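Thanks for making the time this morning. I would like to walk through one structure, starting with its cysteines, then its charged pairs, and then the packing of its helices.

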Amino acid sequence: MKKSTVKNLTVGSPMKLILNFLLPLLGGLLFQQLYNMVDTLVVGRYLGVNALAGVGSTGSINFLVLGFCIGICNGFVIPVAQKFGEGDEEGLRRYVANSFWLSGAFAVVITAVICVLCRTVLHWMDTPTEIFDYAYDYIFVIFLGIPVIILYNLLSGIIRSLGDSRTPIFFLVLSSALNVLFDILSVQVLGMGVEGPAWATVLSQAISGLLCLAVMFRRYPILRLSRSEWKPRRRELWRLLSVGLPMGLQYSITAIGTIVVQAAVNGLAASYIAAVTVGNKINQLFTCAFDAMGTTMAVYGAQNYGAMKLDRLHKGVASCGLLAVIYALAVLPIMFFFGSNLAQLFIDSSEPPETRLEIARYARQFLICNGAFYISLAFVNILRFMIQGLSFTKQAVFAGIFEMVARCILGFWLTGYWGYTVICFANPTAWICADLFLVPAYFRCVKLLRRRHAQGLTAA
């Protein structure tokens, strides 16, 4: 293993460290979003607007379930990053081993439960009859792949907790390329419906996860566990659950609000559903930068917390916040001038011109309304993930509650009065509400840590 494979984020310029960690991570997330967009492109262009609307209508339940899975994986690796910053390699390996045991148990239980309830949830969301089968066929296959999603996210998270954001990119690039290939083969060659791109996503991520597993223990000597370290330990299991469950719940609580909004969208015409589907896909591509910033802050915060270098926390937030503001201001003009053009890439050219223009116009409106508030989203991610890295996971859950309440109010009550315009402002309203909680919460958390440190307490 090369000496530079792992990186200590507790020494050196915060801006330089954050950029070096952030940029490779952003590249990986962009590849991930690009192959997710290929699903939408293939479905929209070859299977029609109803199929596109069906796949899009599953976005919120997808976020609810997979967000919980990704959240617990992100939570499980926080103690690993803290032990790395602390320099406790044996403790690090114990947490890695116990995170495998917990992840395996969660994978089995979640997959079984959600596959049984999948159809019921789609009915509860008031999924329109004409797109229901498309929605079910797509999301059921995605949920069958929950074990491989957990596998990949846990392994890549462990690697990133060591300060290495570059290695996971290779697996994401491979997964992206395979997903594109399998998407085209499933629909164009095998003649499959929306389940084809779903199987393509699951299969490509399974290959990536298994290769990541094969490489990880060989490349990182610090992760080579002894037989005794593989033993489940109550203290480590409880610590992992105390961090992982709140992070998973934070994603799911936030997703409940998006489900309410999606249910409101499902009550509108198919063109609105398709527009939100397209808008969300493009939106997710542009917000990859903020996702990368959040993950960076979690690792940066966890390592510096483990090393008890609390004076570096504000410097990290300030550096990352500056990058976020510059990026947010740069992408808004793209939404304004090219939003319609981007949207039309996802729409079947055989659709009537008036339908294409209508969907593109609605999607552009969605993108502009969201893009105008990207700075708010940036600080939601930066502060929430920093707080999580400092082990204050319950505070991050409260931020998710603020987002959920905001979306529920707009989805349940206000959509009936102002229709699609309310949908466009659902995300920005949720981000602002979360920031109103997170900004003071972050300063309270740092103040509490400094008080503990002054009393001679160390990281858990």
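A disulfide, in the sense I will use here, is a pair of cysteine sulfur atoms within 2.5 Å. Please keep in mind throughout that this is a predicted model, and that every value I quote has been computed from it.

With that cut-off in hand, how many disulfides does a search of the whole structure find? The search returns zero, and two cysteines let us see how that comes about. Take C424, whose sulfur has its closest cysteine sulfur in C369, at 4.7 Å, which is too far for a bond because a disulfide would need the two atoms within 2.5 Å. C424 is also buried, its relative accessible area being 0%. The other case is C408, where the closest cysteine sulfur belongs to C433 and lies 12 Å away, so this pair is too far for a bond as well. C408 is likewise a buried residue, with a relative accessible area of 14%.

Let me turn to the charged side chains. The whole structure contains nine salt bridges by the same kind of search, and I will go through some of them.

I would begin with E403, since this residue takes part in a salt bridge with R384, at 2.7 Å from N to O. Which helices does this pair connect? E403 sits in helix α16, residues 393-418, while R384 sits in helix α15, residues 374-389, so the salt bridge ties together parts that are 19 residues apart in sequence. E403 meets a second partner, R407, in a salt bridge of 3.3 Å, again N to O. Here the two residues belong to helix α16 and are four residues apart, which puts about one helical turn between them. Are the residues of this group buried or exposed? E403 counts as buried at 3% relative accessibility, R384 is buried at 6%, and R407 is buried at 5%.

A further salt bridge joins the side chains of K83 and E86, with an N to O distance of 3.6 Å. Both residues lie in helix α4, residues 78-86, and they are three residues apart, about one turn of the helix. Their surroundings can be set side by side: K83 counts as buried at 8% relative accessibility, whereas E86 counts as partly exposed at 37%.

There is also a network of salt bridges, which links E90, R94, R235 and E236. I mention it at this point because R94 and R235 will come back when we look at how α5 and α10 meet.

That brings me to the helix packing. Two packed helices are described by the angle between their axes and the distance between the axes.

Helix α5, residues 89-124, packs against helix α10, residues 234-266, at an angle of about 25°, and the axes are 11 Å apart. That angle makes α5 roughly parallel to α10, and the crossing of the two is right-handed. On the α5 side the contacts involve R94, Y95, N98, S99, L102, F106 and W124, and on the α10 side residues including R235, E236, L237 and R239.

The second pair is helix α12, residues 288-306, with α15, the helix that carries R384. Their axes come within 7 Å and cross at roughly 25°, so α12 and α15 are roughly parallel to each other, and this crossing is right-handed. Among the α12 residues in the interface are F290, M293, G294, M297 and Y300, and the α15 residues they meet include Y374, L377, N381 and F385.

Finally, I would like to point to two single positions. V148 lies in helix α7, residues 146-161, and, leaving aside residues up to four places away in sequence, this valine touches V202, Q205 and A206. V148 and A107 are 41 residues apart in sequence, and their C-alpha atoms are 8.5 Å apart in space. The other position is G48, which is found in the loop between α1 and α2 and is buried, with a relative accessible area of 9%. Between the C-alpha atoms of G48 and P353 the separation is 14 Å, although the two residues are 305 residues apart along the chain.

Technical notes. Residues are numbered from 1 along each chain as its sequence is written. This is a predicted model: local features need pLDDT of at least 70, side-chain atom pairs count only at pLDDT 80 or more; totals for chains, interfaces and linings use all residues. Side-chain values use heavy atoms; hydrogens and water are left out. Buried means under 20% relative accessible area, exposed over 50%, partly exposed in between (1.4 Å probe, protein chains only). A salt bridge is a side-chain nitrogen of Lys or Arg within 4 Å of a carboxyl oxygen of Asp or Glu. Axes are lines fitted to C-alpha atoms, for helices over the stretch in contact, and angles run from 0 to 180 degrees between N-to-C directions. Angles under 35 degrees count as roughly parallel, over 145 as roughly antiparallel, 65 to 115 as roughly perpendicular and the rest as oblique. A crossing is left-handed if the near helix is turned anticlockwise from the far one by less than a right angle, and right-handed if clockwise. Contact means heavy atoms within 4.5 Å.
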